[in-house]
Amino acid sequence: MRRTILIVVPMLIAAVSIGCDAGSSYGAAAEQGVEGATLSYPNGHPLDWRTEDSLVLRQEEELLAVINQHRVSMGLPALIQDPVMQECARGHSKHMTNDSHDFLAHRNPEGDSHVERMNKHGLFGFSGENVAAGYFDAASVLAAWLASPPHRQNLEDPRFLRGGAGYQAGAPFGAYWTLVLSE
């Protein structure tokens, strides 16, 4: 079973569907050291993103922390941070900030959903994704997701045991957040 969740933008909750004929092929990118993609599309857009940027890592850590505080308060297990899922989520956030389409969506311009992106990383099974933009701290992102029934359903689904959070600052919304969840 697959689940895709709405996109949250400040003051607006909207379902966004983007279709593109760019295809969904991918290839391994050359290792770029600590910062950069290890998997990317032929056009160079990242499938994942590695970084040691302290702001990015702090924002992602804080997002998982506030989500886990909420889950535990509901009697649910805390999500286990999965490094591959985190790089996948961060890659989607990075992709949204550096694409000429200025997109904010679950489906990228290459046509892949979170399920296809996760599969390319060897991650299979029941999964979900939450995406947001325009929020500058984790608490605001969580509040917006909790105010949206489909986002909240993802956050409170007891089947999800692992998670990866991605954060990237960039135009036009200032900050992009991605959360991928899996069994």
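The largest cavity in this predicted model is lined by Val115, Met118, Asn119, Leu123, Phe124, Gly125, Phe126, Ser127 and Ser182. Helix H3, residues 114-119, contributes three residues to that lining, the most of any element. Sorted by class, the lining comprises five nonpolar and four polar residues, and no charged ones. The space inside comes to about 40 Å³. With a threshold of 30 Å³ or more, the structure holds one cavity. Rolling a probe the size of a water molecule over the atoms is what reveals where empty space remains.

The cavity sits within a protein of five helices and eight strands. Along the sequence these elements follow the order β-β-β-β-α-β-α-α-β-α-α-β-β. Of the 183 residues, 54% are buried. Contacts between residues at least 6 apart in sequence can be split further by separation: 67% of them join residues at least 24 apart.

Helix H1 can be followed from one end to the other. Its N-terminal end is capped by aspartate 53, which places a side-chain oxygen 2.8 Å from the backbone nitrogen of leucine 55. The helix itself runs over residues 54-73, a total of 20 residues. From first C-alpha to last, H1 reaches 28 Å, close to the 28 Å expected at 1.5 Å a residue. Just after the helix, glycine 75 adopts a positive phi of about 80°.

Which residues of H1 are buried? They are Val56, Gln59, Glu60, Leu63, Leu64, Val66, Ile67, Asn68, His70 and Arg71. These buried residues pack against both strands and helices. The strands are S5 (80-81), S7 (162-170) and S8 (174-182). The helices are H2 (83-98), H4 (138-147) and H5 (149-155).

One of those partners, helix H2, contains methionine 96. Is methionine 96 buried or exposed? Its relative accessible area is 0%, and the cut-off for a buried residue is under 20%, so methionine 96 counts as buried. Methionine 96 can also be placed relative to a residue far along the chain: glutamine 168 is 72 residues away in sequence, yet the two C-alpha atoms are separated by 8.7 Å. Glutamine 168 falls within the range of strand S7 (162-170), which, like H2, packs against the buried residues of H1.

Technical notes: Residues numbered from 1 in each chain as written. Predicted model: local features only at pLDDT ≥ 70, side-chain atom pairs only at ≥ 80, totals over all residues. Heavy atoms only, no water. Helix = DSSP H or I, 4+ residues; strand = E, 2+ residues; numbered from the N terminus. Expected span 1.5 Å × (residues − 1). Buried < 20%, exposed > 50% of the residue type's maximum accessible area, 1.4 Å probe, protein only. Contact = heavy atoms within 4.5 Å. Polar contact = N/O pair within 3.5 Å; in protein donor to acceptor, adjacent residues only side chain to side chain. 1 Å grid on protein atoms, 1.4 Å probe; cavity = no way out; pocket = protein on both sides within 12 Å on 5 of 7 lines; lining within 4 Å. Points joined across faces, edges and corners; volume = space filled by probe spheres on them. Nonpolar A, V, L, I, M, F, W, Y, C, P; charged D, E, K, R; others polar.
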